[in-house]
Amino acid sequence: MRADTKEIMAEFTRTSITVYGVHLIMLQASTMTKEHIERPTEHCGIFFALSGEACIAVGELRFTLKAGSAVHCAYGVRLEIIVQEQQFEAVLVQYLPEKGASVLNNLPCMSSSFELKTGIDKRFQEQLQALCLLSRQTARSTPNRINYLFREIWIEALRLSQTKSDLPSPSYEASNEEQKLIEHLAERFNKVAFITEDVIHVAISPQSSLNNCILSKNGFLFAVRGEADFIFDEKQDTMLPGSIYHGSDGARLSMIPRGEGHFEYYLIHYRFCEDQSEFTDALPDQFVLRPGLQPRITELLELLHQNAVMPGKLTGFRKKELFFSILSEVFTACQRGRFNPGQLEAVEMSMQYIHTHYADPITLDCLAQLQGMQPRQLSYLFYKSIGIRPIDYLLQYRIKRAQDLLTMSSAPIKEIAAMTGYDDPQYFSRIFRRHTGMSPSEARHIIAKSPLK
């Protein structure tokens, strides 16, 4: 049977679950599983097909599993998999509600078997691979991280299975505003010195709440587990894992956990060391980013919290380094969510082509043709993804390579020009001066006199 994704989404949102196993299954052609033919399954299970094709019998239901599809198997059913003419590969996730199998009678979606058609999505398959790798780790935090990532994967599977846009998604305008905000944040933290101060890790029980807490400093709040009703300076929202809230000094907030599980978050306080009046675009005091649940961000938050309480003169430096890494992961995840994997791959392949062929004649038409796109389409995606047009990126990359050659070799300027894609040395010198403020000869002279050379 095909599933009603709205009902499944609602049921998984309000029900806490525990993952009991993550298995990468590889079955040879013309084979049949035996484990659950005679005895029923002890968990709910989801098969995410990666390659090949198999027929899966779940009780009295029959499904065809191949790349781009998934099957949910109910608890306590008899299961049989018959592989077709080529090797079959899938990821199996076994889970139960946090309160155990006894509550499944009140959960119609989890207690039934159904299929989803997710389509072949590169990013989704990468998430499944990340889940398999995470399941092999033995750290104390691994079970929680597996639960978080599985929740993210399952929501993404439901989103991909939609034939119509039934699930809510941000409008183009909202995404554009978020992109502007990310660009301003990246510029601010890149240009202004700052100090990472307190790093707080809190888990609020269902019977507790946080009422009218006042932030003593600027801070980022990362929700990593559970849900909570959130009031931030009189603005109400529901906090879910993968959401990040920013508040300024003096902001007032309240949190009330939802459901029966704990609500867990990290709060990072920071302060800028310099006057920010030089920036014409002021950052809002309160805002929210929604990169989704990213295992790498959760891992970095754990490391930052552990490091924050360690003594030593290097602690402050390490805190700043980890905070920078967290912000980088957040910005990258937010940008990545605006484009489908094919679009991102086109940008990445174009960048790689530039890195390899920068000494050759390259035009926007050439780059677009290689990716099967119109020039304007590739230029737009490139700019929205990394903040610069393809030809400007090529120019900057060539100038950087020329600076490296001036540093590392004594080759004539004419040869360096040719090695970086410029047949005319005079034109190369004009471009170099325009972007560095000096001629190639002046740059080489300064480098030669540098005490660090």
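User: How do you know how much space lies in the largest cavity?

Analyst: In this predicted model, the space in the largest cavity comes to about 80 Å³. The volume is what probe spheres set on the grid points fill, so the figure describes space that such spheres take up.

User: What makes it a cavity and not a pocket?

Analyst: A 1.4 Å probe fits at the points of a cavity but cannot get out, whereas a pocket is an open set; therefore a space counted as a cavity is one the probe cannot leave. By this rule there are three cavities of 30 Å³ or more.

User: Which residues are closest to the centre of the largest cavity, and why are they called lining residues?

Analyst: Phe222, Ala223, Gly242, Gly292 and Ile297 are the closest to the centre, out of 13 that line the largest cavity. Lining residues have an atom within 4 Å of a cavity point, so these five meet that cut-off. Strand S11 (218-225) and helix H5 (295-308) each supply at least two residues of this lining.

User: Why are five residues of that lining called polar?

Analyst: The lining has eight nonpolar, five polar and no charged residues. Gly counts as polar, so Gly242 and Gly292 belong to the polar class.

User: What about the second largest cavity?

Analyst: About 60 Å³ of space lies there. Its lining includes Phe48, Gly68, Thr118 and Leu128. Strand S2 (44-51), strand S5 (69-73) and helix H2 (122-135) give two or more residues each, and H2 gives the most, with three.

User: How do its lining residues divide by class?

Analyst: Six are nonpolar, five are polar and none is charged. Phe48 and Leu128 are among the nonpolar ones, because Phe and Leu count as nonpolar.

Methods: Residues numbered from 1 in each chain as written. Predicted model: local features only at pLDDT ≥ 70, side-chain atom pairs only at ≥ 80, totals over all residues. Heavy atoms only, no water. 1 Å grid on protein atoms, 1.4 Å probe; cavity = no way out; pocket = protein on both sides within 12 Å on 5 of 7 lines; lining within 4 Å. Helix = DSSP H or I, 4+ residues; strand = E, 2+ residues; numbered from the N terminus.
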